[in-house]
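Work through the following exercises with the sequence and the structure side by side. Each task is followed by a solution that goes step by step.

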Amino acid sequence: MPEMDEGEVIDQPLTAIAEAFEELSKWMKENSGGHHIRLDNFCEVASLVSVLFRCLGLAFKFAELEYVAKLEGLLEASKTCPTLQDILEVDVGNDTVKTSGSYSRNLRRVRQGLDLVRAIFEQLLSTEDSSLKDVASTAYGQVCAPYHTWAVRTAVYAGMYTLPTREQLLMKLNETEQSAEKKMKRYIAASLPIIEYIDSLYVSRNITLDW
């Protein structure tokens, strides 16, 4: 997984994200639905998304920190679990799927991070408002709030006033309204089958997704 420190800049992160997820999604279609996605490759692709949380500022600092920490846990897991499927096999065998810090729990949280970005993009595409407060609040409420504690939810919603404006976000991403729209649509289309595949790893083992 590429290391990205606070000072590192990708000229057009949306391009890198859209291309990486399209490549992984294409690989899945060509390889029996992706039943053997390599964990290290998944971590590399998923790591690109963290820059988006950073661009959203303080309101999503918790999401960024949690996302990066869980990804690091998965990267460590890739030394002994070559594929995403292997993660579930290990934790199911040890009865640790929902245990704090388990690989399966880390994967579940990273999946939520990918879905949160998808929801934010969908909300951005549905409105032209300059303020991102409603966009971010709706996306967070749909994807993450049901699984966060009251304290975390309160802190996130309280931080919504620190969000950049739509124009400031586009400037940080080095995009125009038109170029960003195309790339957000590409990410939404490419990420959905990956998110659904991760969900299927749990559902096929009779593990609910309400956590």
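Before starting, note that contact here means heavy atoms within 4.5 Å, and that a residue is called buried when its relative accessible area is under 20%. The model is a predicted one.

**Exercise 1. Describe helix H1, list its buried residues and find what covers them.**

Step 1: Helix H1 takes in residues 13–30, which is 18 residues, and from its first C-alpha to its last it reaches 26 Å, close to the 26 Å expected at 1.5 Å a residue.
Step 2: With the cut-off for burial in hand, the buried residues of H1 turn out to be Pro13, Leu14, Thr15, Ile17, Ala18, Ala20, Phe21, Leu24, Ser25 and Met28.
Step 3: To read such a list, it helps to recall that an α-helix has 3.6 residues a turn, so residues three or four places apart point the same way.
Step 4: The cover over the buried residues of H1 includes helix H2 (39–47), helix H3 (50–55), helix H6 (103–125) and H10.
Step 5: After H1 comes Ser32, which has a positive phi, near 55°.

**Exercise 2. Find which residues of the largest nonpolar core touch the most other members.**

Step 1: This core holds 68 residues, and those that touch the most other members are Phe42, Phe60 and Phe121.
Step 2: Helix H10 (residues 177–203) supplies the largest share of the core, namely 11 residues.
Step 3: Taking Phe42 as the example, and leaving aside residues up to four places away in sequence, we find that Phe42 touches Leu24, Ile37, Leu74, Leu84, Leu107, Val110, Leu114, Ile194 and Ile198.
Step 4: As background, nonpolar side chains in soluble globular proteins tend to be buried together.

**Exercise 3. Describe the protein chain as a whole, and decide how its radius of gyration relates to the globule rule.**

Step 1: The secondary structure of the chain consists of 10 helices and zero strands.
Step 2: The radius of gyration is 17 Å, close to the 17 Å that the globule rule gives for 211 residues, so the chain is as compact as a globular protein of that length.
Step 3: Of the 211 residues, 48% are buried, and among contacts with a separation of 6 or more, 76% join residues 24 or more positions apart.

**Exercise 4. Locate the annotated domain and state its helix content.**

Step 1: An unreviewed UniProt entry carries the annotation "domain: Glycolipid transfer protein" for residues 37–175.
Step 2: In the model, this span is 67% helix and 0% strand, and its end C-alpha atoms lie 31 Å apart.

Notes
Residues numbered from 1 in each chain as written. Predicted model: local features only at pLDDT ≥ 70, side-chain atom pairs only at ≥ 80, totals over all residues. Heavy atoms only, no water. Core = buried A, V, L, I, M, F, W, Y, C linked by side-chain atoms within 4.5 Å. Buried < 20%, exposed > 50% of the residue type's maximum accessible area, 1.4 Å probe, protein only. Helix = DSSP H or I, 4+ residues; strand = E, 2+ residues; numbered from the N terminus. UniProt positions renumbered as here; feature names shortened; annotations may be inferred. Expected span 1.5 Å × (residues − 1). Rg over C-alpha atoms; globule rule 2.2 N^0.38 Å.
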